[in-house]
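Subject: Structure for you to look at

Hi there,

Here is the structure I promised to pass on, with my notes underneath. Have a look at it first, then read on whenever you have a moment.

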Amino acid sequence: MVTRGDDFDDFVRGTSTRLLRTAVLLTGDRPAAEDLVQEVYERVYVRWRWIHTAAEPYARKTLTNLVANRWRRKGRRPESLVAEHTDQPSPDRADDIVARDQLVTALQELPPRMRAVIVLRYYEDLTEAQTAEALGCSVGTVKSQASRALDKLRLITGPAILEGLR
C-alpha cells in the first residue's frame, strides 16, 4: 500500500535538485536556498492531500513567493550571487564556463521579479504560461519582464553571452 509519505518522498527525490538550483539562482546564497527549499517542502507536505497532483507547480510558486518575501523583509538585494558548478569543466569549454559565470553574476543586477522570470523561463525551461502561474501574474507580464530583463542583461554582459538563453 502506497502512503502519503511514500508519494511525498518520491516527490522530494524527483524535485530537490531542480528546486535547490532555482533557489540558489534566485537568492545567490546556497545556505539560504537550502533553508527556503526545506520550508517549501514543509508547506507542500502540509497541503499534500489537496495538491499532490500539481505539487511541483505549487512548490515553484511557493519558492518564488518566499524569495520575494525574504527580499522585501530585508529591504535590499542579495549582496552576491555565486554560480554553483557541480561538474568539472573540460579545458576546451573554458569560454562557455566564463560566459555562464558572467551571466549568473549579472542576474544579481536584476530586480527580484525579473530575476525570477529569467530563472524560471530559461534555467527551469518553463513555458510562459507555467512561469506566469508560478509567479501569480499574467503571461503578458512574463513576456514584458523577460524582454526587459534580457535587455538589461545585454547591457551588463554584452549580447553574445545571452545567445544560449533564446
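The protein chain has seven helices and zero strands, so please read everything below with DSSP runs in mind. Written along the sequence, the pattern is simply α-α-α-α-α-α-α. Please keep in mind that this is a predicted model.

**The chain as a whole**

Of the 166 residues in the protein chain, 39% are buried. Its accessible surface comes to about 9600 Å², and carbon and sulfur atoms hold 49% of that. Among the contacts with a separation of 6 or more, 63% join residues 24 or more positions apart.

**The core**

In soluble globular proteins, nonpolar side chains tend to be buried together. Here the largest nonpolar core has 41 residues, and F11 and V44 are the ones that touch the most other members. At least two residues of this core come from each of α1, α2 (30-51), α3 (55-74), α4 (94-106), α5, α6 (128-135) and α7 (139-157). What does V44 touch, leaving aside residues up to four places away in sequence? The list is F8, F11, I51, A55, Y58 and A59.

Another residue you may want to click on is V24, which sits in helix α1 (residues 4-27). V24 counts as buried because its relative accessibility is 6%, and the cut-off for buried is under 20%. The C-alpha atoms of V24 and E34 are 8.1 Å apart, with the two positions 10 residues apart along the chain.

**Helix α5 and what follows it**

I spent some time on α5, which covers residues 112-123. With 12 residues at 1.5 Å each, this helix should span 16 Å, and the 15 Å between its end C-alpha atoms agrees with that. In case the arithmetic looks off, the expected span uses one less than the number of residues.

Is α5 enclosed or open? Nine of its 12 residues are buried, so α5 is largely enclosed by the rest of the structure. The buried ones are P112, M114, R115, A116, V117, I118, V119, L120 and R121.

Just after α5 comes D125, with a positive phi of about 60°. Most residues other than glycine have a negative phi, so I flagged this one for you. D125 lies in the loop between α5 and α6. With a relative accessible area of 64%, D125 is exposed, since the cut-off for exposed is over 50%.

**Two packings onto α7**

How do α5 and α7 pack? Their axes are 9 Å apart and the angle is about 100°, which makes α5 roughly perpendicular to α7. On the α5 side the contact is made by R113, M114, V117, I118, R121 and Y122. On the α7 side the residues are V142, Q145, A146, R148, A149, L150 and L153.

Helix α6 also packs against α7 at an angle of about 100°, and here the axes are 8 Å apart. That makes α6 roughly perpendicular to α7. E128, A129, T131 and A132 of α6 meet V139, V142 and K143 of α7 in this contact. V142 is listed in the contact with α5 and also in the contact with α6.

Happy to talk any of this through.

Best wishes

Notes: Residues are numbered from 1 along each chain as its sequence is written. This is a predicted model: local features need pLDDT of at least 70, side-chain atom pairs count only at pLDDT 80 or more; totals for chains, interfaces and linings use all residues. Side-chain values use heavy atoms; hydrogens and water are left out. Helices (H or I, at least four residues) and strands (E, at least two) are DSSP runs, numbered from the N terminus. Buried means under 20% relative accessible area, exposed over 50%, partly exposed in between (1.4 Å probe, protein chains only). A nonpolar core is a set of buried Ala, Val, Leu, Ile, Met, Phe, Trp, Tyr and Cys residues joined through side-chain atoms within 4.5 Å. Contact means heavy atoms within 4.5 Å. Accessible areas come from the Shrake-Rupley method with a 1.4 Å probe; for residues, only the protein chains shown count as cover. Axes are lines fitted to C-alpha atoms, for helices over the stretch in contact, and angles run from 0 to 180 degrees between N-to-C directions. Angles under 35 degrees count as roughly parallel, over 145 as roughly antiparallel, 65 to 115 as roughly perpendicular and the rest as oblique.
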